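Biologist: Could you walk me through this one, beginning with the ligands and then moving on to the protein interior?

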Amino acid sequence: MPKVAFITGVTGQDGAYLAEFLIEKGYTVWGLKRRTSLFNTDRIDHLIKDEHEVGDRRFHFLYGDMTDSTTIIRTIQQIQPDEIYNLAAMSHVKVSFDIPEYTANADGIGALRILEAVRLLGLTEKTKIYQASTSELYGKAQEVPQNEKTPFYPRSPYAVAKLYAYWITMHYREAYNIFACNGILFNHESPVRGETFVTRKITRAVARISLGLQKKLYLGNLNAKRDWGHAKDYVEAMYLILQQDEPDDYVIATGVTTEVREFVRKVFAEIGIKLGFTGSNEQEEGVIASINNDIFEGKVGAKPDHLRAGQVVVEVDPKYYRPTEVDLLIGDSTKAKTKLGWIPKYTLDDIMKEMVESDIDLMKREECLKNGGFKIVSRLEEKR
Ligand code: NAP
Ligand code: GDD
């Protein structure tokens, strides 16, 4: 019998990569999906097969919400999963300051609902649980780098909600002997990263600026440093965590940290634009120092006629500042490397390159559609 996995948050970045990964491993995957007024399954459309056309389906949806206990219990009862990956969350740190109560409910109590369902349904011997914990728990970091023993100091309603989820997961492991684990994952990105997280916001904007569809990129705190990995590597770690003999918690990180400002610089450099930063705080600006036409044309497929040295393409807008910031995250994943044999394959340069290339393609396709399929292509052709 194939193993059965239940993924909450299956329409999100990690849910999509994990579903694909588990299906390749032979699992039958059930995903929890919120009802939305428009389709939001772009990331997993390739996994969805029409039941009228395909007999043997490995991927299924069920409607539900992390704030709705009865549905979660009914769903888990119906599926009888071997593994649950609880990835659903209101995952945006800045937004959590605007909707703290909802965030606590979905991200904090949501984790409890899963654990309680497994306990109530008598599945404690059968079902393993992965809880999507986060490096945001370290917040005002008490130690550099951060490992499994570093004390937590959350700095947002999101992180506080996730702190509850972390401890309740550990508590159910100790109190009821459930195979429940926390993956303390540092930031991980990909071409399907949500558009309002900083890396994707940057790669999208650079793609749009390169095509003349946007003039400037507005950002918040450029000084923040993050340990960025690739979501594909990180979903493999989630799987490995649940394949161990004993349940445990693991830090998953690359061990390299990079400033937001440096990430911006690297993404522009990827398309042949050298960027310099001048000014400080809210007056800081990113200015084009020079353009390498050959690299630009090779990457973008057009000439950079609308761009010139001295042009300001990045500005700071304080509306993106957070009431409290997490300044520096860098993880030490020695335990994961030693016990799980987990080693990330992607470097930050690989990730950034993949993301910007994918966004250039995406923007061209979107513009093509908007313009009836012709104008952008001919505009690009004209410029060649
Ligand atoms: P994401 O792209 O924002 O996806 C979140 C998923 O949760 C989406 O499928 C979303 O559904 C779903 N969701 C949100 N609220 C829900 C609710 N009330 N009921 C049911 N589903 C709900 O996040 P991600 O980057 O894939 O991250 C996955 C998990 O890992 C999250 O728990 C996040 O907090 C955690 N995490 C992420 C990172 C990272 O760097 N990516 C690092 C550490 C931990 P919709 O599509 O309908 O919005
Ligand atoms: N989103 C965003 N937008 N962030 C910006 C911006 C901006 O315009 N300008 C600067 N930043 C800074 C933020 O202040 C933060 O310090 C950093 O860029 C990263 O922000 P995000 O990409 O939004 O991610 P995050 O680190 O707050 O949270 C992500 O990673 C966590 C793991 O550490 C999310 O995926 C969380 O769900 C996850 O738990």
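Modeller: Starting with ligand 2, one of its oxygen atoms has a polar side-chain atom of R322 at 2.6 Å, which counts as a polar contact, a pair of N or O atoms within 3.5 Å; within protein, one must be able to donate a hydrogen and the other to accept it, and residues adjacent in sequence count only if both atoms are side-chain atoms. This is a predicted model, in which local features need pLDDT of at least 70 and side-chain atom pairs count only at pLDDT 80 or more, while totals for chains, interfaces and linings use all residues. Residues are numbered from 1 along each chain as its sequence is written, chains are lettered from A and ligands numbered from 1 in the order in which they are written, and side-chain values use heavy atoms, with hydrogens and water left out.

Biologist: What else lies at a short listed distance from ligand 2, say from E325 or G220?

Modeller: A polar side-chain atom of E325 is 2.5 Å from an oxygen atom of ligand 2, and a polar backbone atom of G220 is 2.8 Å from a nitrogen atom of the ligand. The surroundings comprise 23 residues, each with a heavy atom within 4 Å, and T134, S135, Y158, R322 and E325 are the closest.

Biologist: And which residues come nearest to ligand 1?

Modeller: They are T11, R34, S91, Y102 and Y158, out of 26 around ligand 1. Nitrogen atoms of ligand 1 figure in its polar contacts: a polar side-chain atom of D65 lies 2.9 Å from one, and a polar backbone atom of M66 is likewise 2.9 Å from a nitrogen.

Biologist: Switching topic, where is R113, and how far away is the nearest side chain of opposite charge?

Modeller: R113 sits in helix α4, residues 100–120, helices being DSSP runs of H or I with at least four residues and strands runs of E with at least two, numbered from the N terminus. R113 is buried without a salt bridge, and D65, the nearest side chain of opposite charge, is 6.8 Å away. Buried means under 20% relative accessible area, exposed over 50% and partly exposed in between (1.4 Å probe, protein chains only); a salt bridge needs a side-chain nitrogen of Lys or Arg within 4 Å of a carboxyl oxygen of Asp or Glu, Lys and Arg counting as positive and Asp and Glu as negative, with His and the chain ends not counted.

Biologist: What does R113 touch, then?

Modeller: Not counting residues up to four places away in sequence, R113 touches M66, T67, D68, S69, I72 and N105, where contact means heavy atoms within 4.5 Å.
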